[in-house]
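Reader: I should like to learn how the architecture of a chain is read from its coordinates. Could we proceed feature by feature, with the general idea preceding each case?

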Amino acid sequence: MTNAHTSGEMPDNPGDPAVTDPEADAAVDNAGEAPGESPEAAVKAQEDAQRDAAEAAADDAAADLADGDDTVDPSVDPEAAASPAEAELAERTEDLKRVTAEYANYRRRAERDRVAAVEAAKASLATDLLPILDDLDLAAEHGDLTGPLKAMSDKLNTVLRGAKVEVFGAEGDAFDPELHEAVQDMSSGDEKAVGTVLRKGYRMGERVLRHAMVVIADPQ
């Protein structure tokens with residue numbers, strides 16, 4: 001191709017250096033080349049510098065730790081030095097202990113109340129049956145407790161014994177105002193005993209269902 005500058009012809013774009021200057025193409029080709037080292041070498045040098053700095057920092061930290069003083073300053077309050085998270089953990093632990101103790105006390109109280117309610121219900125039922133026992137005893141005294149009536153009496157007494165219902169108030173027992181109801185005192189001394197038993201007494205465990213109605217007499 002004949003250069004427009006040497007041939008004397010007017011170029012289509014006289015402002016283009018590639019047309020007016022024969023050396024423009026070479027200058028453009030060399031414009032993208034930066035002097036100095038390549039990009040790969042620059043990146044490697046930067047990585048080496050960062051690694052050296054990290055190793056130096058680690059060495060300094062190890063030296064400080066080796067030379068450090070492990071003694072505790074007695075003037076520093078451990079509670080004041082505790083972090084907010086540790087303080088909150090201690091508070092929550094105390095709350096948990098308190099709630100656990102309260103729940104244990106509640107369970108014991110609830111169990112005690114349940115047992116007391118059961119015993120009270122059993123005692124109430126047994127007390128309601130005492131007049132029937134009185135009638136059966138009266139029938140036995142007159143010789144009428146026979147046949148099916150005696151069988152029913154035996155079963156009833158078996159059930160009451162299973163519920164720990166006991167009879168007390170026999171003639172000759174020491175008089176106890178906690179167990180006996182005296183309707184007459186025929187004793188002459190300080191010592192008193194049960195004389196005539198007008199009505200038997202019953203108790204269930206430590207609970208007195210009915211006091212025995214007796215006449216006080218002298219011990220035999």
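**Reading the architecture**

Author: Of the chain's 220 residues, 14% count as buried. The model is predicted, and the values discussed here are computed from it.

Reader: Which secondary-structure elements does the chain have, and in what pattern do they follow along the sequence?

Author: There are 7 helices and 6 strands. Along the sequence the pattern is α-α-α-α-α-α-α-β-β-β-β-β-β. As for contacts between residues at least 6 apart in sequence, 58% join residues at least 24 apart.

Reader: How should one read a sheet, and in what order do the strands β1, β4 and β5 stand?

Author: In general, strands of a sheet pair through backbone hydrogen bonds, in a parallel or an antiparallel sense. Here, β1-β4-β5 is the order of an open sheet of 3 strands with antiparallel pairing. Because β1 (165-168) and β5 (207-210) each have a single partner strand, they stand at the edges, and one side of each is left without a neighbour in the sheet. From one strand to the next the twist averages 35°.

Reader: How many bridges join β1 to β4, and over how many do β4 and β5 pair?

Author: The antiparallel strands β1 and β4 are joined by 4 bridges, with Phe 168 opposite Gly 201 in β4. Strand β4 (residues 201-204) pairs with β5 over 3 bridges, also in the antiparallel sense. In this second pairing, Tyr 202 stands opposite Arg 210, and Met 204 opposite Arg 207. Helix α6 (residues 84-141) packs on this sheet and touches β1, β4 and β5; the directions of α6 and β5 make an angle of about 35°.

Reader: What connects β4 and β5?

Author: The two strands form a hairpin with 2 residues between them. Gly 205, in the turn, has a positive phi of about 70°.

Reader: Which strands make up the sheet with mixed pairing?

Author: That open sheet has 3 strands in the order β2-β6-β3. Its edge strands, β2 (180-185) and β3 (193-199), each pair on one side only. The twist averages 40° from one strand to the next. Between β2 and strand β6 (residues 212-217), which run parallel, there are 5 bridges.

Reader: Is His 180 buried or exposed, and which residues is it in contact with?

Author: The general step is to compare the relative accessibility with a cut-off: buried means under 20%. His 180 has 6% relative accessibility and therefore counts as buried. This residue is found in strand β2 and stands opposite Ala 212 in β6. Apart from neighbours within four places in sequence, the residues in contact with His 180 are Phe 168, Gly 169, Ala 174, Phe 175, Val 194, His 211, Ala 212 and Val 214.

Reader: How is the packing of two helices described, and at what angle do α6 and α7 cross?

Author: One states the distance between axes, the crossing angle, the handedness and the contacting residues. The axes of α6 and helix α7 (residues 147-162) come within 11 Å and cross at roughly 140°. The two helices are therefore oblique to each other, and their crossing is left-handed. From α6 the contact is made by Ala 126, Leu 129, Ile 132, Leu 133, Leu 136 and Ala 139. From α7 it is made by Leu 149, Met 152, Ser 153, Leu 156, Asn 157 and Leu 160.

Reader: How do the residues of this contact divide into nonpolar, polar and charged?

Author: In the contact of α6 with α7, 10 residues are nonpolar, 2 are polar and none is charged.

How values were computed
Residues numbered from 1 in each chain as written. Predicted model: local features only at pLDDT ≥ 70, side-chain atom pairs only at ≥ 80, totals over all residues. Heavy atoms only, no water. Pairing = 2+ DSSP bridges. Axes fitted to C-alpha atoms, helices over the stretch in contact; angles between N-to-C directions. Contact = heavy atoms within 4.5 Å. Buried < 20%, exposed > 50% of the residue type's maximum accessible area, 1.4 Å probe, protein only. Parallel < 35°, antiparallel > 145°, perpendicular 65-115°, else oblique. Left-handed = near helix turned anticlockwise from the far one by under 90°. Nonpolar A, V, L, I, M, F, W, Y, C, P; charged D, E, K, R; others polar.
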